[in-house]
Amino acid sequence: MTLSRRDFLKLASLVTASAALSSCAPLYRKIAGDLPTVPWTSFSSSDFLALNRITFGARVEERARFAEIGLQAYIEEQLDFESINDFACDLQLSTFKTLNMEANELEGISNQLFDGYDREKVPNELRQATFLRQLYSKRQLYEVMVEFWSDHFNIFMDKEKEFFLKTVDDREVIRKYALGNFRDLVWASAHSPAMMIYLDNQANEKSHPNENYARELMELHTLGVDGGYSQKDVMELARCLTGWNVKEHFWLGDFVFKEDIHDTGEKNVLGLSVQPSGIKEAEQVIEMLITHPSTAKFICTKLARRFIADNPPEQLIEKAAQTFLNTNGDIKSVLRVILLDGLPLAQPKYKRPVNFLLSALRMLNVETDGIALHDYLVRMGQLYFNWPTPDGYPDYSEAWQGNLMPRWQFAFALIRDELDDTKHNLNALLDVSSSGILQDDVDAITSLLLGTPLERFARNEIIDSVRAAGATEEETRQIIAASIIASPAFQWR
Amino acid sequence: MLTQTWLPRLSFAPVNTAPRGDTLVVVFLRGAADVLNMVVPHGEEAYYQLRPSLGIARPDDARKKKEERAVDLDGFFGLHPTMSPLLEAWQSEQLAIIHACGAPDESRSHFKAMELMERGVGDERGPASGWIGRHLATLNTGNSSPLRAVGMGTRPQRSLSGSVPVSALRSITDFHLGGDLRALQQMRTSLETVYANDILGQETLSIMDTLQKLDVQNYQSPITNYPDTEFGLALKQTAMLIKADVGLEVSAIDLGGWDTHFAQGSSTGIMPSLMKDLAEGLAAFHADMADYQNQLTTVTMSEFGRRASENGSLGTDHGHGSMMMVLGGNVNGGKVHGRWPGLGEGQLIGPGDLAVTTDYRDVLSEILTKRLNNPTTNEIFPDYQPTMPHVII
């Protein structure tokens, strides 16, 4: 189905006019022919793993497409994200007015004059939008990268003015360059008011330097902690960054360079002699950091950790880092190496909470506005933009193991349709892919969620145990689907 | 079943067998607490020169109101006024302070310092598991409780990680599956099946059963109230688990927000309200657990200290030397331990930071050896030879 921009706007206003978002959510799907219930076949474990690294969880139609064109073409299709029609998702998000507002507008709608600020409205909309994009966007690899950079350039929305500034950072920094060039990302982040405030650079003045941002720019954003800088370099870069600030009155929340609090002395960062030149001083250092070999290695290690393994192979990192340097930080070129060379070497990774939730929801064609899932993200410890320290949510398996209870609770509540405004489509899926006989249904469910059906003995064991607990056939289907989602195997991707 | 063959397996072979010792409560102050304003060296002139705005007045400074002055401990050090709830434990010699204490790492990076400290290693090459994790793994206490070690909060702390599974617990009341009894029974049965070979799953099921018996809502401390904060709740639930005798050996609790680069406050403000939470919580816990003091040791730590001089934003930047507190019935208390390196010219290190004269591993090693019956400190803190600081009687 194709739609002109005018059709889109017309539909968007229709959507805005309707009151409850949840009640009309299926409308987008119908218009776009979304959430198709296509049959699926069992997948090899390597294909299933690959697809689950590129997406937030393999939908049935993504499985079909992957089977049709193969890994390499699938990656290319996803890298060329702007060519992917994402109309249904865009339409659903058209009701989220704050996503496109400037900082001063966002401040305005949050400011309740005599009642202080509404610190919930803007963050809630950004969080819900993030969730819906991860769930419904067809540009999955792009959304995976948005999540990656949101961790890399982490900002804690609960700090001071971040509750509205992060929305601008998300749009103008992270989403703008997620599959662009690393240089542009760092550059935009360094000029991002949200980052200035999060890492205290607005308090970094000639008379009393504050080294927080300078340190994290090197330690976490570019070189890495062992990237070869010293405490002296941190302090010198902090001096270069004096005056990088945020407007407080007119055009509140915009970036500003304040000449009067800038340290005009000479500096030396990482052996580079920096002559007094105002805002250009730190910009010069940033250019140097971006093309530094330590940066290439650090970024590629983190990407390989996200897509391939907790401890990624050194050779892969080397090759990707070389590509990073050769292409001056072209993210698509680096990803191509990481995915094509790396996926055959992939090791199991424990699903982070966001990934766990999304994979179940996507595989079961769930329709939801996402609001009921908020509390699960809190309890599992991965609410969006809520990690206080600038290192972002941990990306190694060990960090997330041990907190099984909320995962079980989610699985149980989801399958029983007990989450508000959230409905799975397991039965519709089974209608197209199974005979309706209990054993076949269980095979279809396990193939859907784990890639391949369980072996016969294991399948019969689980059916027998649930039936022995007094379940009817229909209850057995449900309980098995819930316990597959709760199972050890489903916690890994 | 449903445990794919490539999943990492859990296995451990403890080197020591001993009856379990104290329950250890580890409070981590995240963000590098400004210890110079918590335990104030009011006898040191340099302190007031370095901190003209943020410094806490001497206990006898008549120009200041009483609630703005330090509470004297020993003529040289004094507690921040918001920390005075801890005075009772100090006077009964159940609270020891180790000042100028910390780790050798000088990265002044929260993440690196926290990671090294929670792993209990001197540099990154050490084992990836946590120091508490290795304590659990090297000591067989005959205790197979799923609640042997608990991280209060949404995720277990890095210090707990290792071959022995640990639990994260935000609230005791969160620990049920919901649903009607019939469906619940079916789900439980099915979970038993899919987790048949998985230790963590089996233990989670058994936690579920155990916690059903506890009632957080109606729990009251007989003596004093816990602060109505996350930290207070974590301590309260730790007390409940200890009293319910469910096998709790270690409880790890975080109190965050100490990274005070900006307007941290002197006698009131951001940092004083954190100190109040800390002191009131620990005092309530100490009082609630009065009958258990011979089976309980509580320790506080932070990844490093903050710069001795205040910065221009009325805050403090990353520094070095920190401070630990140890609370319990067998503590050599009522005393500030450790050699005080001073804040004067030539005494500060790096960009102007308090030196470290006692390694945090000395304090932990003594607690592990004397109170938790684990002598294997060379495995818990590899490549480190501890010196006992005599913080434990």
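User: Before we look at strands, what makes two of them count as a pair?

Analyst: Two strands pair if DSSP finds at least two bridges between them. Please keep in mind that this is a predicted model.

User: How do you know that S6(B) pairs with strand S12 of chain B?

Analyst: Six bridges join S6(B) to strand S12 (residues 322–328) of chain B. The rule asks for at least two bridges, so these strands count as a pair. They run antiparallel, and in S12(B) the partner of Ile97(B) is Met325(B).

User: What makes S13 of chain B a partner of S6(B) too?

Analyst: Here three bridges join S6(B) to strand S13 (residues 335–337) of chain B, and the two run parallel. Ile97(B) appears here as well, standing opposite Val336(B) in S13(B).

User: And why do S6(B) and S14 of chain B count as paired?

Analyst: S6(B) and strand S14 (residues 358–359) of chain B share two bridges. Since at least two are required, the pair qualifies, so we call it paired, in the parallel sense. Thr358(B) in S14(B) is the bridge partner of Cys101(B).

User: Why is strand S6 of chain B called mostly covered?

Analyst: A residue is buried if 20 or more other C-beta atoms lie within 10 Å of its own. In S6(B), residues 95–102, eight of eight residues are buried, so "mostly covered" fits.

User: What makes S3 and S4 of chain B edge strands?

Analyst: They belong to an open sheet of three strands with the order S3-S5-S4 in chain B, where the pairing is antiparallel. Strand S3 (39–40) and strand S4 (71–72) of chain B each pair on one side only, and these are the edge strands. For S3(B), two bridges lead to strand S5 (residues 78–79) of chain B, with Leu79(B) in S5(B) as the bridge partner of Val39(B).

User: Why is Ala346(A) called partly exposed?

Analyst: Ala346(A) has 19 C-beta neighbours inside 10 Å. Buried needs 20 or more and exposed needs 12 or fewer, so with 19 Ala346(A) is partly exposed. You will find Ala346(A) in the loop between helix H17 (331–342) and helix H18 (353–363) of chain A.

User: Which residues does Ala346(A) touch?

Analyst: Leaving out residues up to four places away in sequence, Ala346(A) touches Leu49(A), Arg53(A), Ile308(A) and Ala309(A). Contact here means C-beta atoms within 7 Å.

User: How do you know that the radius of gyration of chain B agrees with a compact globule?

Analyst: For 393 residues, a compact globule would have a radius of gyration near 21 Å, and chain B has 22 Å, so the two agree. The C-alpha trace of chain B spans about 70 × 45 × 40 Å along its principal axes, and 54% of the 393 residues count as buried.

User: How do you know that the two domains of chain B touch?

Analyst: Chain B is divided into domain 1 (23–173 + 224–380) and domain 2 (176–211). Six residues of domain 1 of chain B are in contact with eight residues of domain 2 of chain B. On the domain 1 side, those residues are five nonpolar, one polar and no charged. The C-alpha centres of the two domains lie 37 Å apart.

User: Finally, which residues and helices of chain A take part in the contact with chain B?

Analyst: The contact takes 47 residues from chain A and 49 residues from chain B. Several helices of chain A each supply at least two residues to it, including H12 (212–221) and H24 (473–486). H24(A) gives the most, with six residues. The chain A side divides into 23 nonpolar, 14 polar and ten charged residues.

How values were computed:
Residues are numbered from 1 along each chain as its sequence is written. Chains are lettered from A and ligands numbered from 1 in the order in which they are written. This is a predicted model: local features need pLDDT of at least 70, side-chain atom pairs count only at pLDDT 80 or more; totals for chains, interfaces and linings use all residues. Two residues are in contact if their C-beta atoms, placed from the backbone, lie within 7 Å. Helices (H or I, at least four residues) and strands (E, at least two) are DSSP runs, numbered from the N terminus. Ala, Val, Leu, Ile, Met, Phe, Trp, Tyr, Cys and Pro count as nonpolar, Asp, Glu, Lys and Arg as charged, and the others, Gly among them, as polar. Domain bounds come from an automatic or database domain assignment. The radius of gyration is taken over C-alpha atoms; the globule rule is 2.2 Å times the number of residues to the power 0.38.
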